[in-house]
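This report walks through selected parts of the structure shown below, taking strands, helices and the contact between chains in turn.

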Amino acid sequence: MRTTKGILAYGTHVPYRRLDRAEIAAVMGTPSGRGYRSVASFDEDTTTMGVEAARRALGSTAALPPDALWFSTVAPAYLDKTNATAIHAALRLDASVSALDFGGAQRSAVGALRTALTTPGRTLVVSSDVRVSLPTGPEDGGGGDAAAAILTGSSTDGPLLAEYLGGATTTAEFTDRWRIPGSNHSHTWEDRFGEQAYSPLVRQAWADALVAAGLTVDDVSVAVVTGLHDRATRKTAAGLGVAVADDLAATIGNTGAAQPALLLADVLDSAKANDVVALVALADGCEVLLFRITAELRVGRPTRSVATQIDNRADVSYTRYLAWRGLLNVQPPNRPKPARPSSPAALRRSDWKHGFVGSIDRSTGITHLPPSRVGISGGTVDNMDPIPMANAVGTVVTFTVDHLAYSQSPPTVFAVVDFDGGGRMPIELTDVDPDAVLIGGRVEMTFRRLFTTDGLHNYFWKARPIRG
Amino acid sequence: MASHGIRDQVAIVGMGCTPFREHWDLSLDDLLIDAHGLALDSAGIIKSDVDAYWYGTSQSSASGISLASPLRLDNRPVTRVENYCATGSEALRQACYAVASGAYDIAVAIGGEKVKDGGYQGLNAFPIPTDGTNRTLTAAAMFSLMLPAYAERFGIDEDRLRYVVAKIAEKNHYNGARNDLAQFRREIAAEDICKMAPVAGCLSVFDCAGVADGAAAAVVVSAEKATDYTDAPLYVKALSVVAGDGSGLIEPDFDFTTLPECAATAADAYAQAGITDPRTELALAEVHDCFTPTELVLMEDLGFSERGQGWSDVLEGRFALDGDLPVNTDGGLKSFGHPVGASGLRMHYEVWLQLRGEAPVERRITTLDTRSRALVHNLGGYPGEMVSFVGIWGTDLD
């Protein structure tokens, strides 16, 4: 029986910065690599990137909101505490919407997606990764940072962009890649072992999935093949007998836990109705998922494609990249570190802090950022409505570049932003080069990590230039 | 809203000010003891004559005890005052009202700050627990927002405007070089300031107030008894304070080319003092030049320049020692240094010296031949979110 489950919406986030692999060679004296890796900014982590991807997914659909949020990463901002809750708060999901982390292993990301597609309900599956290894290690140049979000549900929840046709899984215990908790890099066994271990698992999952979906190889239009084991991924992809999608290795690198959903999204960005797309993920076994594109995809795509985000980029130097990831210890600014945010204050103001919700005065129509109980210009007390501003766009009124303020990556670029339709906010700019800021520049909001003190991450919003 | 003022009801009859320095060898207590002694000597009184104290410090200590204990005051009321960088003037304002009310005969306002024990350059705010969404920008950066906005509004080339504000620093360093108490006593040319690396916006370190330790104090009595203590008391003509509602950071009408709280206190003070043309009626003004763009915009907000003309008045030297309205004749925050809680009282100290003809000959002004009143402007906070004080003082009863 054909399933009616599938993809209701999707969205992605590729960070603005790129590391030119040739720069690694220039600094470290190693053989020169080609192409680029994407680099999460100093104020991004897997949670903030997950927020951005999830916003784009939910912003592109009229489908009902999710009743569960599943977040998967191998680079969590916190342990013990759930990270999905910050995404939940930034998306302003109802308290009745469950938020869970699927952590630990690469496999959790694609596993969460398959589980969402095979269980009832609308689930927003978010995956995100910041790939780090020691300088000159495999992820240093070959890894990439990104996030992707897929809203799963059934055709009764809204128009499906792609129907889930079925899939299969294989599992085996073998140690070709491992990392002790707390370490900043993985170890790998010699290359050829992994290839041997993966080959039969992929073959079996591929065959089982085609049977489960009632398809033959000839029915498959394109396969997205992902995995951290480069050699096994390449070799098994070539053996599937179908066209294989671009793995974006040249432009952003291997984005780890985010890679299955990100590459799938990249294919969805240009797939045609009735195409059959296979997702094949090599991770401690193999997961295969098969989708058929519907006519709804053409009108249901997010406004910002993966390709658009790949094109909108600026380079970061290798040394600055290393400093951002904590792999190069640089002298911090000689200023007191900001105090950690107060947890009770953050909870009281979660709508503002995480959701960027201001208030609008019913009597004067003036938008107040942050929200205020008493209005300016003669407003009365407690006569305000909440006004969500995270999707507002605005214009730079004036700006400055602060070389003295505490920052993880000085200087701080700061602007006064007036939002279209009302509201003003003096706010930090990010993803911007200080020399390129102009009065009149157009900006949008982005969820970022302002700083970390006492192991406590301080999340809030910044503005960034609108691109693409 | 009523603002009656206490014109000619109260007078300053003694003042003292320590040198403003990086006082590695002096504690806050030392500085307070010294300023207190200088002020009482100036008024010809002793400690037991003083009925009450208002003690201003931004964040060097807390409570009246931190003054009563080092001075060993004998069962005297001491109120600790804090209102950002306007703290010193605010302490003086409270002391004046207390005397005007008749509650006390002799009150002392004293302000002090020990900033150089902190270990970091610049001023660093005491951390108050928040939701983490408040700005962490430096004050220099907040005030630097005004330059591009001013250039845009009045169609002035940004490089030219940058030179204009450097001329303000040059003037204040020139004046400070003629002041033994000032922190920085070296003249510097605007051209050299313009060549320096920026620290915030286009502002260099030389566009920022000096950061110093120091203390200053004033003795206040009723106007009718003032001449019992000195032949030349300074009579209060106006005292005005506004604590802004922060609307400039919310309301898009605010364009960062003006400081509305300062304009409001100026208007209130001029009404209290009966001043209609400050530019020709004031002998001098001490204003809050925390950063050079602040002084530029203040010239317009205080009514010394037409709107949009402050920059050309600066270039014409109208606010220089020999100009037609000298401003910051002691070097200002820029050159004298800025021990936060003391600064407002330090500004009054210069007015005290100048109006009484006691300023050193090197920085004498000629406007005193025909004018006998001076303005003190002291602010705290940032453009769009600010506390402002304006006081006007005169040597004659009206």
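## Strands β18, β21 and β22 of chain A

In this predicted model, β18(A) and strand β21 (residues 442–453) of chain A run antiparallel to one another and pair over 3 bridges. Within that pairing, the residue that stands opposite A:Val443 of β21(A) is A:Gly394.

Strand β21(A) also pairs with β22(A), again in the antiparallel sense, here over 10 bridges, and A:Thr452 stands opposite A:His457 of β22(A). The hairpin that β21(A) and β22(A) form has 2 residues between the strands, and in this hairpin A:Asp454 takes a positive phi near 55°.

## The contact between chains A and B

Chain A gives 36 residues to the contact and chain B gives 32 residues. On the side of chain A that touches chain B, the elements that give two or more residues are α12 (343–348), α13 (350–353), β18 (393–402), β19 (412–419), β20 (424–429) and β22 (456–465) of chain A. The largest share of this side, 5 residues, is that of β18(A), the strand that pairs with β21(A). By residue type, the side of chain A that touches chain B holds 22 nonpolar, 8 polar and 6 charged residues.

## A parallel pair in chain A

Elsewhere in chain A, strand β4 (residues 68–73) and strand β5 (residues 98–103) pair in the parallel sense over 6 bridges, and A:Ala68 has A:Ser98 of β5(A) as its bridge partner. Together with helix α3 (residues 84–90) of chain A, β4(A) and β5(A) make a β-α-β unit that is right-handed.

## Helices α6 and α8 of chain A

Helix α6 (residues 191–213) of chain A has 23 residues, and because each should add 1.5 Å, the expected span is 33 Å, which agrees with the 33 Å between its end C-alpha atoms. The helix nevertheless bends by about 30° at A:Tyr198, and a proline, A:Pro200, follows within four residues. The buried residues of α6(A) include A:Gly194, A:Tyr198, A:Leu201, A:Trp206 and A:Ala213; the elements of chain A against which its buried residues pack are β8 (162–171), α7 (230–238), β12 (276–282) and β13 (285–293). Just after α6(A) comes A:Gly214, with a positive phi of about 70°.

In helix α8 (residues 259–268) of chain A, 10 of the 10 residues are buried, and the helix is therefore largely enclosed by the rest of the structure. Among these buried residues are A:Gln259, A:Pro260, A:Asp266 and A:Leu268.

## Helix α13 and a buried glycine of chain B

Helix α13 (residues 340–355) of chain B has 16 residues, which at 1.5 Å a residue should span 22 Å, and the 24 Å between its end C-alpha atoms agrees with this. Since 15 of the 16 residues of α13(B) are buried, this helix is largely enclosed by the rest of the structure. Just after α13(B), B:Gly357 takes a positive phi of about 70°.

B:Gly111 belongs to strand β4 (residues 107–113) of chain B, and B:Gly111 counts as buried because 34 C-beta neighbours lie inside 10 Å, where the cut-off is 20 or more. Measuring from C-alpha to C-alpha, B:Gly111 and B:Ser343 are 7.7 Å apart in space, although 232 residues apart in sequence. Leaving aside residues up to four places away in sequence, B:Gly111 touches, among others, B:Gly56, B:Thr87, B:Ala215, B:Gly341, B:Ala342 and B:Leu345.

Key: Residues numbered from 1 in each chain as written. Chains lettered and ligands numbered in written order. Predicted model: local features only at pLDDT ≥ 70, side-chain atom pairs only at ≥ 80, totals over all residues. Expected span 1.5 Å × (residues − 1). Bend = angle between axes of the 7 residues up to and from the residue. Buried ≥ 20, exposed ≤ 12 C-beta atoms within 10 Å, placed from the backbone. Contact = placed C-beta atoms within 7 Å. Pairing = 2+ DSSP bridges. Right-handed = clockwise from strand over helix to strand, strands pointing away. Nonpolar A, V, L, I, M, F, W, Y, C, P; charged D, E, K, R; others polar.
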